[in-house]
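Let's walk through this one together, starting from a pair of side chains and working outward to the whole chain. Have the viewer open and follow along.

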Amino acid sequence: MPTKAELEAELEKLRAELSAAKDQIADAAQAAAEDEPEGIVEHLKHDGEALISEFVKEIEDLSANRPVLTVVGAFCLGLLLAKR
């Protein structure tokens, strides 16, 4: 059975390890925060690019897998533009 002094020494060692781990986590969080783009403009630009790429992917998928629906959609779009 360990003595009180041994347990206290192990407790101090664990506290030091916990403190070091907390410092590492804080440093990693600070580095991650510094790597993030600053400002709303960069955020919106990134979201806009993702939205456009997703839209293009959906259109390509639609034209490849459902050509009849693509033709009907193009026809309806032409009618709408012609009525203006």
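Start with E8 and K4, whose side chains meet in a salt bridge, with 3.9 Å from N to O. Keep in mind as you look that this is a predicted model. The cut-off for calling such a pair a salt bridge is 4 Å, so a nitrogen and a carboxyl oxygen within that distance count. As for the chemistry, side chains of opposite charge can pair when their charged atoms come close.

Where do E8 and K4 sit along the chain? Both belong to helix 1, which covers residues 4-35, and they are 4 residues apart, or about one turn of the helix. Now check how open each partner is. K4 is exposed, because its relative accessible area is 63% and the bar for exposed is over 50%. E8 comes in at 42% relative accessibility, so E8 counts as partly exposed.

Stay on helix 1 and you'll find another pair, E12 and R15. Their side chains form a salt bridge too, at 3.4 Å from N to O. Here the spacing is 3 residues, again about one turn of the helix. E12 has a relative accessibility of 47%, which means that E12 is partly exposed. How many salt bridges turn up in a search of the whole structure? The search finds 2.

Now zoom out. The protein chain has 3 helices and 0 strands, running α-α-α from the N terminus on. Of its 84 residues, 0% count as buried. The accessible surface of the chain adds up to about 7,900 Å², and 64% of that belongs to carbon and sulfur atoms.

Notes: Residues are numbered from 1 along each chain as its sequence is written. This is a predicted model: local features need pLDDT of at least 70, side-chain atom pairs count only at pLDDT 80 or more; totals for chains, interfaces and linings use all residues. Side-chain values use heavy atoms; hydrogens and water are left out. Helices (H or I, at least four residues) and strands (E, at least two) are DSSP runs, numbered from the N terminus. Buried means under 20% relative accessible area, exposed over 50%, partly exposed in between (1.4 Å probe, protein chains only). Accessible areas come from the Shrake-Rupley method with a 1.4 Å probe; for residues, only the protein chains shown count as cover.
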